[in-house]
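Grab your viewer and work through the exercises below. Each task comes with a worked solution, so try it yourself before reading on.

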Amino acid sequence: MANVKIIQTASFVPQKVVTNDELSKIMDTSDEWISTRTGIKQRHISLDENTSVLCTRVAKQLLTQSGWSAESLDLIIVATMSPDSYTPATAALVQGNIQAQNAVAFDISAACSGFIYALEVAKRFLSSPDIKRVMVIGGEVLSKVLDWQDRTTAVLFGDGAAGVLLAKDETKQSQILAADLKTFGDQGKNLIAGTTQAICQFPNTRDEKLEAFQMDGREVYKFATHEVPASIERACQKADISLDEVTHFILHQANARIIQSIAKRLKQPLDKFDLNIADYGNTSAASVPLLLDELNKKGQLKRGQIIVLSGFGGGLTVGTHVIKF
Ligand code: ACO
């Protein structure tokens with residue numbers, strides 16, 4: 001397997017901010033309930049920018065920051081559970097928007113683990129001699145798939161996109177060390193969105209309404225607090241890294257309490273578990289790279305540090321990367 005380095009990080013969120021207090025004016029909820037149960041204080045909501053628009057903003061930033069030309073990209077992967085359409089893929093729209101005519105582009109659907117899964121696919125592609133430069137983005141406009149009458153899910157999510165540029169690095173000073181990915185399809189019913197019915201409409205005009213987001217929050221909570229620490233332990237073991245060597249645990253931002261519970265299970269200090277859920281809510285596939293970019297831009301990540309990225313969610317899925325940043 002090639003040694004793969006994260007070259008750049010970038011992110012973009014829609015301008016509009018909706019606070020918990022604002023939500024409590026349109027549904028039976030409160031800032032107190034949302035913030036004590038989840039840690040969320042506000043989220044960014046897209047008014048008219050679709051997922052590909054947010055992802056294109058990230059793609060352009062990544063190119064500007066790195067000085068890479070769009071034509072030099074070999075592969076673009078977008079992880080999303082809220083694509084613009086069944087087809088074309090959101091990644092193909094981004095490829096067209098930035099005119100990366102030499103890049104192959106496709107989407108990955110693994111909900112909140114999507115970015116983690118996409119990173120592994122990218123790493124494997126980079127083992128091929130003809131793939132040198134890869135862009136991986138996680139992007140979501142979840143506000144368009146939420147049921148805004150359902151307080152049990154609507155308060156939890158937000159919109160945004162973030163991503164990375166990857167390339168081979170033979171110096172081994174920075175590299176993605178090991179991964180652990182696992183899927184639990186038998187538990188998929190605990191988190192569903194956009195279900196279509198296989199009912200033949202012939203010869204009528206289609207009257208399709210995709211089902212909105214539904215989640216059994218308690219089951220997903222139990223899944224996350226059990227499976228995420230197990231995945232982190234397996235990935236660290238594969239990388240031959242002890243948990244104490246990890247400086248930053250950059251976890252999917254679904255619920256601050258889930259992260260506290262994971263820290264406790266791993267017997268690691270909570271201050272190694274970075275949080276930005278208060279500002280963005282759960283942005284699914286965008287959440288891990290959004291936090292990664294925030295820490296990177298603030299200068300809190302140093303080259304050579306050991307960091308862990310871990311996601312979990314719809315599928316159900318879980319995934320972890322151990323990275324020498
Ligand atoms: N405001 C006020 N009250 C509410 C709200 C709300 N927004 N939502 C639910 N309630 C009420 C419920 O109706 C219930 O009332 P009752 O006791 O009178 O019936 C009470 O609050 C408790 O509801 P629970 O669902 O039991 O609340 P819980 O403590 O389990 O917290 C939560 C819910 C925050 C969703 C939690 O279960 C959770 O975080 N689960 C994990 C979700 C997650 O991690 N998802 C990530 C995957 S996302 C992805 O892959 C896209």
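A polar contact here is a pair of N or O atoms within 3.5 Å; within protein, one must be able to donate a hydrogen and the other to accept it, and residues adjacent in sequence count only if both atoms are side-chain atoms. You're looking at a predicted model, where local features need pLDDT of at least 70 and side-chain atom pairs count only at pLDDT 80 or more, while totals for chains, interfaces and linings use all residues. Residues are numbered from 1 along each chain as its sequence is written, and side-chain values use heavy atoms, with hydrogens and water left out.

**Exercise 1. Find the polar contacts of the ligand and say how much of its area the protein buries.**

Step 1: start with the side chains. Trp33 puts an N or O atom 3.1 Å from a ligand oxygen, and Arg37 does likewise at 2.7 Å.

Step 2: check the backbone. A nitrogen of the ligand sits 2.9 Å from a backbone N or O atom of Arg151.

Step 3: get the cover. The ligand on its own exposes 1000 Å², and the protein buries 76% of this (Shrake-Rupley, 1.4 Å probe).

**Exercise 2. Describe the shell around the ligand.**

Step 1: list the neighbours (a heavy atom within 4 Å). There are 29 residues, and Thr29, Arg37, Cys112, Arg218 and Asn255 come nearest.

Step 2: sort them by type. You should get 15 nonpolar, nine polar and five charged; Ala, Val, Leu, Ile, Met, Phe, Trp, Tyr, Cys and Pro are nonpolar, Asp, Glu, Lys and Arg charged, and the others, Gly among them, polar.

Step 3: map them onto DSSP runs (helices H or I, at least four residues; strands E, at least two; numbered from the N terminus). Elements supplying at least two residues each include H2 (31-38), H6 (151-154) and E12 (306-313). H7 gives the most, with four residues.

**Exercise 3. Where does the ligand lie relative to the domains, and how do these pack?**

Step 1: take the bounds from the automatic or database assignment: domain 1 (4-168) and domain 2 (175-324). Both give residues to the shell, so the ligand lies between them.

Step 2: count the contact (heavy atoms within 4.5 Å). Domain 1 brings 52 residues and domain 2 brings 48.

Step 3: work out the buried area, meaning the accessible area (1.4 Å probe) that two parts lose on being put together, summed over both. That's about 3800 Å², with 63% from carbon and sulfur atoms. Cys112, Ile116 and Tyr117 supply 17% of what domain 1 buries against domain 2, more than any other three residues.

**Exercise 4. Hunt for unusual backbone geometry.**

Step 1: scan omega. Thr87 to Pro88 is cis, with omega near 0°, and Pro88 is in the loop between E4 and H4. Gly315 and Leu316 are also joined by a cis bond, at about -15°; Leu316 falls between E12 and E13.

Step 2: scan phi. Ala111, a residue other than glycine, has a positive value near 45°.
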